[in-house]
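Ready for some practice in reading a protein model? Take a look at the chain below, then work through the exercises at your own pace.

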Amino acid sequence: LSSAWYLDRIEIADPDTGFRYHFICEKWLAIDEGDKMLSREIYASENTSHHLSSVCQITTYRINVITSDKFGSGTNGKVYIIIFGELNNTGKISLVTSKTNKDPFEKGHKDLFEIETIDIGQPKKIIIGHDESGFASDWLLERVEIDIPKLGHTWIFPCGKRIRKTTNNVQAEVELYPIEMSTGIKTSYVPYEIKVYTSKLSGAGTDANVYIQIYGLKKSTDQVMLRNTTDRQGKFYMGSIDTFIHELEDVGDSIEKIRIGHDNHGFDTAWHLDRVEIRRLIKGQKTKRYVFRCNCWLAKDKDDGSIVRELIPENFIEEKFIKKYLVDVYTGDKSGSSTDANVFLTIYGDKNDTDEHELKYSQTNKNKFERNQIDRFIIENNDLGNIYKLKIRHDNSGMLADWFLEKIEIKDEKQTYIFNCKQWLAMDKNDSKLERIFYEKKYQDLMNGTKSVSHTTEKFIPYIVKIKTGEASDAGTSANVFIRLIGSKDRQTPMMRLEVTHRRYFEPGKIETFPLQELDIGDIEMVEIEHNGNTLADSWFLDSVIVEMPTKGRTFYFVCNDWLSKCKGDGKTKRILKVQGLNNISVRPLLPYVVKIYTGHMENAGCDCDVSLRLFGMLGSSSEYMIRKQGGNFEQSAVDMFQCEFEDVGKPIKLRVAIFPKSIHGRNHWYLEKIQLIKHAKQNINEETYSFVLNNWIGHGTDYYFDIPYYINQCDSLISNGIVQYEIVVVTSDLQNAGTTQHGWIIIEGNKNRSEKFLMKNTVHQRILQRGQTNTFTFGCQPLGELRRIILGHQEQHEHLFKTHEDDGTMWHVSHITITDLSTGIKYEFPVQQWITINNDGDIFDYMNNREYFNTQEHLRRVIKYKIIVHKGYASGASTDTDVSIILYGTLGNTDSVILKKNNQNLFELDGVDEYVIECSELGKLTKLHVEHHKSMLSSECFLDQIEIINMNTNEKVLFPCKQNFGTQYNDHEIQRDLLPIYTS
């Protein structure tokens, strides 16, 4: 039988005070699971709902025990240690499982033990000993080294004598003191909270071993495993949010990027990562939450085949101080009042609201929710402001689920909020409700004169709110969304949070439905809707809102069709929408159109796909209209005409064009120039033509659909002062020292006008124009007409300069610039591929059409030489007489499979170093190296230490460490591996 034990927690109740103490473990006690410890010391946690509050009280100790290398030095006894510090002592700790040796405390062994226990401050002395069990228990201990990463120091305790019982020593133990000169300063460590969001796509989860590395301005942490073979259970499932606490090297206040990946080991390794959020947990300080958006696969057989990603933060959010709320739940004094069900609570304030909390651990009673009992719970959250509402429910589980709730009191440091209930939450009593919403007893006074109506005399009625999110892949949001309904004569509801059930965010193209119970405010004239997101990832494109009043048979429509985002559109996260007066409209009429589709003149522009169209307008969106591929449709330079009908969507906003491949072997990409929709003429009214211009590929390295904005006459797109908006996308090259710490600037010339100088400012808080970075800017100016050229410059900033280890900021290498006229949707490409010197008059670059641009990009990939240096380590049988091949991957492409041979001699026949030179198109920054040997001979086992790659044009050196065997008789039986780079120059 298995003796392994996973301990969740221990609860101890004081019978005199009724107070309960919680000791959170959440670890294995087993010799073959986790860290293989059989005993643990656990310290009381103040807050059971967030065990992180106890994390900062616990410290990691790395104890190295060095046994002498003299004959007979080892021991079979059970060894223990007590560490005494300036604040406390650890108590007796058994040293059972060495991380370095299977059989610890043998002659010449250095055994490492990692323990987590209470913070004792700096060590002052230790007592170490054994129980003299087993044969030959006398132990010659050389020294003990104790490393405390949190303090950044190592203390050395010399011994140099045998530990055994004597006439003077009743116990086989010694007392040791640290030597002063041994304390070496090392890098300090801090706890990091790492929250990993796995996407909700089908098959998004992984059972591979996941790792992460965090980079600051000047240093990085070691690579740390987030899940390994001993901790696979319940992590990285589809849609899961997994939180980890790791004490890592402090990389500083600013996190520049992370590297996250997995080892591709397991049955189902493909993983779609949505995002990662990271916080430094510094006690008593505000923390920053960094958001790293990924939204792509880490899989060998999906996307680009990469299983590791480097992500930069989209933004950081300054975390607010956490407040503690005491929640007292009063169960009524009626027969059968108690419940065994699981109870859940949500609290609403005028500043914020909590997520739903399960009331799991009562601070006052072991058996919670018993008759005539008061149970206290602690909830920690950002400041809620004045609390005015709560929602409570139970799941009807257990033998006795019915519950009579008397009231709930919520206390913060200022006041007590009282919510009277005096009702059953039961399926077979009264109104059979398991969920109730209550307003605070003094709610009207707390709102301090706001125009929300009083609920004391007026009745509540049901509302059904339907929210439609836009169709684009980035239209959804995981931010908290709030809505206020505004009726006639300034009657309105409070701001209410819309909680998405069964999912964690508003998904693109979905309609979410929210039943609400609020005061009757009459006919709804406006809605106020907002979210609390601050980052690019929180951006939300709201299509429309529908509010139904089922008891009155009334429906109100509100159209938005705009971003709620601090990073997109006009930068606003709140909208006030007016009713559209569509209450009597049930079915929208169908309108006839002629569709003219223009396929581009590019080589291979045609496709073998079906095409679908969906029209979006001010009144909503149409049904999808499918056009089947027949004959010569959608071929290069063709103009195809069709007749179709779309529902009346009002003024057009955009057209969604999608292609549907018929076979994986067909032409599954299409160069679309534009589409025209011609609305048939009505009586005495001229026909209307709507143009949607793309001039781009669909399905050629992109998604299989595009949302194309309506091509409006330039005069229609101007804002009131005659300004046109232009979007500028600047791509800095991925070359060594390509980035800059100074300002960039650009002037745009068209056939009608020339813009002023637009400055792209680099600041300490917003670093742009860095190596390999893509930056997007928007600015307005007088209409320029068709763009002809740009003048690109680089000037020194007068503010405080910041520098990185990569560049001095005085040179800047730009790859290319794309400018989009937002009034027409036309894109203009300007290949640069040039160093921009500082403080000059600028360099001129001409517009290049799509075909010229494509040909130029191919031409710019030079053919260069790479030197490959293979380091083979020595191991028994570590040679092979079979073929060994590699594939190099970079940001600009990858090589074919290259067999490494020299003078017809196979690689790995002997240990040592071999050099090879290959010639291929420039790969850019190297991201991965695939190496494998083709098992065909009897002697086909080998050991690879590392491979070094040198770009012979730039002398840039990249190491790909391996330090593993290849072959069926070694370790994991692999004959191929993917190696990740370490840049050394």
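Three exercises with worked solutions follow.

This is a predicted model, where local features need pLDDT of at least 70, side-chain atom pairs count only at pLDDT 80 or more, and totals for chains, interfaces and linings use all residues. Residues are numbered from 1 along each chain as its sequence is written, and side-chain values use heavy atoms, leaving out hydrogens and water.

**Exercise 1.** Find the order of the strands in the open sheet that contains S24, and say which strands stand at the edges.

*Solution.* Start with the order: S24-S21-S26-S27, with antiparallel pairing. Strands here are DSSP runs of E with at least two residues, numbered from the N terminus, and two strands pair if DSSP finds at least two bridges between them. Next, look for single partners: S24 (374–382) and S27 (416–425) have one partner strand each, so one side of each lacks a neighbour in the sheet.

**Exercise 2.** Describe how S26 is joined to S27.

*Solution.* First, count the bridges: eight link S26 (residues 403–411) to its antiparallel partner S27. Then pick one pair: Phe-404 is bridged to Trp-424 in S27.

**Exercise 3.** Work out whether Glu-948 is buried or exposed, and what lies around this residue.

*Solution.* Begin with its place, strand S63 (residues 940–951). Glu-948 is buried (under 20% relative accessible area, 1.4 Å probe, protein chains only). Now check for a salt bridge (a side-chain nitrogen of Lys or Arg within 4 Å of a carboxyl oxygen of Asp or Glu): Glu-948 has none, and the nearest oppositely charged side chain, Lys-957, is 4.5 Å away. Finally, beyond four places in sequence, its contacts (heavy atoms within 4.5 Å) include His-871 and Leu-959.

Notes
Helix = DSSP H or I, 4+ residues; strand = E, 2+ residues; numbered from the N terminus. Buried < 20%, exposed > 50% of the residue type's maximum accessible area, 1.4 Å probe, protein only. Lys, Arg positive; Asp, Glu negative; His and termini not counted.
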